[in-house]
Amino acid sequence: SGGSGGNSGSSGGNSGGNSGGIMIRNASLRGVAYTSVVYASGLYVANNKSNTAAGGLLIQSAGAQLYLSNSTFTGNESANSDAGAIYTSTGTKVQMKNITVTNNKAARAAGMNLYSSTVDITGLKMHGNAARGAGGSLAVAGANCQVTVTDAEIYENEATSGGAVIVQSGGNLTLENSKLYNNKVKANGAAVYMNSPSVATM
């Protein structure tokens, strides 16, 4: 199945479960499984709250795909878990272009938590995000997680460790032509914090 959007958004949602804003997952009809493939542009996802993962957008189910451009995520919150703005889960594939992630909050990974997925991002601004734990802005984690980020500006985010970025638990991050500055931590890694086994190429 597929979808397309432009100049649309989600605002002020509140979920007791996963995703306060938008959830993308596979579906089945009469015993036949369908893989979600979503194309979206011009989203404005603001002020949503989830008590678990993903305040703004959750993409889950292995094989699900998202192609997202020219979109903003601001003021979203994952109150007790990961990803104030965006969470990608095991086996998903995501391509993003020209994305702004600002002023989101979470227990961990206040901006994005990219977990065991394949993600390619070009043109990313992340600032003003705050995590109570690790990962002020971006977290890359999990087996077979392959993330490439190009032309990013990540600044003025806060966390206990990994003020801008945390890479852990087998995650693999390639960061190209990007700026990380003025991020704050209480413990380790104001810009990047890594836990073994993980790989970061910059």
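Here is a walk through the fold, starting with the chain as a whole and moving on to a few residues and pairs. Keep in mind that the model is predicted.

Start with secondary structure. The protein chain has 27 strands and zero helices. Of its 202 residues, 49% count as buried. Its exposed surface comes to about 8,600 Å², and carbon and sulfur atoms supply 45% of that. As for how the chain contacts itself, take the contacts between residues at least 6 apart in sequence: 84% of these join residues at least 24 apart.

Now for a sheet you can trace by eye. Strands of a sheet pair through backbone hydrogen bonds, and they can do so parallel or antiparallel. Here, seven strands form an open sheet with parallel pairing, in the order β4-β10-β13-β16-β19-β22-β26. Which strands stand at the edges? They are β4 (22-24) and β26 (192-194); each has a single partner strand, so one side of each is left without a neighbour in the sheet. Going from one strand to the next, the twist averages 10°.

Let's zoom in on the end of that order that runs through β19, β22 and β26. Strand β19, residues 138-141, runs parallel to β22, and four bridges join the two. Ala139 stands opposite Ile166 of β22, while Val140 has Val167 as its bridge partner in β22. Moving across to the edge strand, β22 and β26 also run parallel, joined by three bridges. On this side Ile166 turns up again, standing opposite Tyr193 in β26. If you want one residue to follow across the strands, try Ile166: Ala139 is opposite it in one pairing, and Tyr193 is opposite it in the other.

Next come the side chains, beginning with charge. Side chains of opposite charge can pair when their charged atoms come close. How many salt bridges does a search of the whole structure find? One. The partners are Asp82 and Arg108, whose closest N and O atoms are 2.7 Å apart. Asp82 belongs to strand β12 (residues 77-82) and Arg108 to strand β15 (residues 105-108), so the pair ties together parts that are 26 residues apart in sequence. Their surroundings differ in accessibility class: Asp82 has 15% relative accessibility and counts as buried because the cut-off is under 20%. Arg108, on the other hand, is partly exposed, with a relative accessible area of 38%.

The aromatic rings are worth a look too. A pair of aromatic rings is described by the distance of the centres and the angle of the planes. There are two aromatic pairs in the structure. Tyr39 and Tyr67 make up a stacked pair, 4.8 Å centre to centre and with 10° between the planes. Since Tyr39 sits in strand β7 (residues 37-41) and Tyr67 in strand β11 (residues 65-74), this pair ties together parts that are 28 residues apart in sequence. Tyr39 is partly exposed at a relative accessible area of 47%, whereas Tyr67 is buried at 19%.

Tyr155 and Tyr181 are also stacked, 5.0 Å centre to centre with 0° between the planes. Tyr155 comes from strand β20 (residues 146-155) and Tyr181 from strand β24 (residues 179-181), so here the parts tied together are 26 residues apart in sequence. Buried or partly exposed: how does Tyr155 come out? Tyr155 is buried, with a relative accessible area of 17%. Tyr181 counts as partly exposed, at 31% relative accessibility.

Last, a couple of backbone details. Most residues other than glycine have a negative phi, and most peptide bonds are trans. Asn98 goes the other way on phi, with a positive value near 60°. You'll find Asn98 in strand β14, residues 93-102, and it is partly exposed, with a relative accessible area of 38%. Ser169 also has a positive phi, about 55°, although it is not a glycine. Ser169 sits in a loop, the one between β22 (165-168) and β23 (172-176). Its relative accessible area is 45%, which makes Ser169 partly exposed.

Conventions. Residues are numbered from 1 along each chain as its sequence is written. This is a predicted model: local features need pLDDT of at least 70, side-chain atom pairs count only at pLDDT 80 or more; totals for chains, interfaces and linings use all residues. Side-chain values use heavy atoms; hydrogens and water are left out. Buried means under 20% relative accessible area, exposed over 50%, partly exposed in between (1.4 Å probe, protein chains only). Two strands pair if DSSP finds at least two bridges between them. Axes are lines fitted to C-alpha atoms, for helices over the stretch in contact, and angles run from 0 to 180 degrees between N-to-C directions. A salt bridge is a side-chain nitrogen of Lys or Arg within 4 Å of a carboxyl oxygen of Asp or Glu. Rings of Phe, Tyr and Trp (its six-membered ring) pair if their centres lie within 6.5 Å; planes under 30 degrees apart count as stacked, over 60 as edge-to-face and the rest as tilted. Contact means heavy atoms within 4.5 Å. Accessible areas come from the Shrake-Rupley method with a 1.4 Å probe; for residues, only the protein chains shown count as cover.
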